[in-house]
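Please look at the sequence and the structure below before reading on. The report that follows is written for a reader who is new to protein models.

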Amino acid sequence: AGRVLIIDEPERHLHPSIAAPLISAAVRSRDDIAYCFASHDLNLIQNLEAEQILFVRNSTLTTLQPETRNFDILPVS
């Protein structure tokens with residue numbers, strides 16, 4: 001079965017000098033996992049050599065109960 005690891009804003013928990021190298025090493029060591037990173041740090045994203053980068057620039061609330069949103073997503077690479 002395919003595995004996906006989603007990591008939200010890793011730059012908030014790692015020192016900037018080690019964030020990209022540490023994350024890159026972790027990704028390279030496990031090719032059986034697909035990684036999804038959510039980040040506001042463009043330098044971190046650029047250094048990850050990602051296969052695909054998506055820019056989520058906006059969301060629109062469509063319903064309250066349950067909360068549902070439409071996202072404005074642009075492919076970067």
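The paragraphs below deal with the pocket, the charged residues and a few points of the backbone.

## How to read the values

The model is a predicted one, in which local features need a pLDDT of at least 70 and side-chain atom pairs count only at pLDDT 80 or more, while totals for chains, interfaces and linings use all residues. Residues are numbered from 1 along each chain as its sequence is written, and side-chain values use heavy atoms, with hydrogens and water left out.

## The largest pocket

Rolling a probe the size of a water molecule over the atoms shows where empty space is left. On a 1 Å grid over the protein atoms alone, a pocket is an open set of points with protein on both sides within 12 Å along at least five of seven lines, and its lining residues have an atom within 4 Å of a point. Grid points are joined across faces, edges and corners, and a volume is the space filled by probe spheres set on the points; by this rule the largest pocket has a volume of about 1,100 Å³.

What lines this pocket, and which residues lie nearest its centre? The lining is made of 29 residues, and those nearest the centre are Phe37, Ile45, Gln52, Ile53 and Leu54. The elements that give two or more residues to this lining are strand S1 (3-8), helix H1 (16-29), strand S2 (33-38), helix H2 (42-47) and strand S3 (54-63). Here helices (H or I, at least four residues) and strands (E, at least two) are DSSP runs, numbered from the N terminus. S2 gives the most to the lining, with 6 residues.

By type, the lining of the largest pocket divides into 18 nonpolar, 5 polar and 6 charged residues. In this count Ala, Val, Leu, Ile, Met, Phe, Trp, Tyr, Cys and Pro are nonpolar, Asp, Glu, Lys and Arg are charged, and the others, Gly among them, are polar.

## Salt bridges

A salt bridge is a side-chain nitrogen of Lys or Arg within 4 Å of a carboxyl oxygen of Asp or Glu. A search of the whole structure finds 4 of them, and the table includes three.

| Pair | Closest N and O atoms |
|---|---|
| Arg30 and Asp32 | 2.8 Å |
| Arg57 and Asp72 | 2.6 Å |
| Arg69 and Glu67 | 3.0 Å |

The pair of Arg57 and Asp72 links distant parts of the chain, since Arg57 is in strand S3 and Asp72 in strand S4, 15 residues apart. For accessibility, buried means under 20% relative accessible area, exposed over 50%, and partly exposed in between (1.4 Å probe, protein chains only). Asp72 has a relative accessible area of 27% and is therefore partly exposed. Arg30, at 33%, is partly exposed, and its partner Asp32, at 39%, is partly exposed too. Arg69 is partly exposed with a value of 34%, whereas Glu67, with 54%, is exposed. Glu67 lies in the loop between S3 and strand S4 (68-75).

## A buried charge without a salt bridge

Glu11 has its place in the loop between S1 and H1. Glu11 is buried yet has no salt bridge, and the nearest side chain of opposite charge, that of Arg12, is 6.6 Å away; for this purpose Lys and Arg count as positive and Asp and Glu as negative, while His and the chain ends are not counted.

What does the side chain of Glu11 make a polar contact with? A polar contact is a pair of N or O atoms within 3.5 Å, of which, within protein, one must be able to donate a hydrogen and the other to accept it, and residues adjacent in sequence count only if both atoms are side-chain atoms. Such a contact, of 2.8 Å, joins the side chains of Glu11 and Ser39. In addition, a polar atom of the Glu11 side chain lies 3.3 Å from the backbone nitrogen of His40.

## Points of the backbone

Most residues other than glycine have a negative phi, and most peptide bonds are trans. Glu9, although it is not a glycine, has a positive phi of about 50°. Glu9 is placed in the loop between S1 and H1, and at 19% relative accessibility it counts as buried. The peptide bond from Gln65 to Pro66 is cis, with omega near -5°, and Pro66 lies in the loop between S3 and S4.

How values were computed. 1 Å grid on protein atoms, 1.4 Å probe; cavity = no way out; pocket = protein on both sides within 12 Å on 5 of 7 lines; lining within 4 Å.
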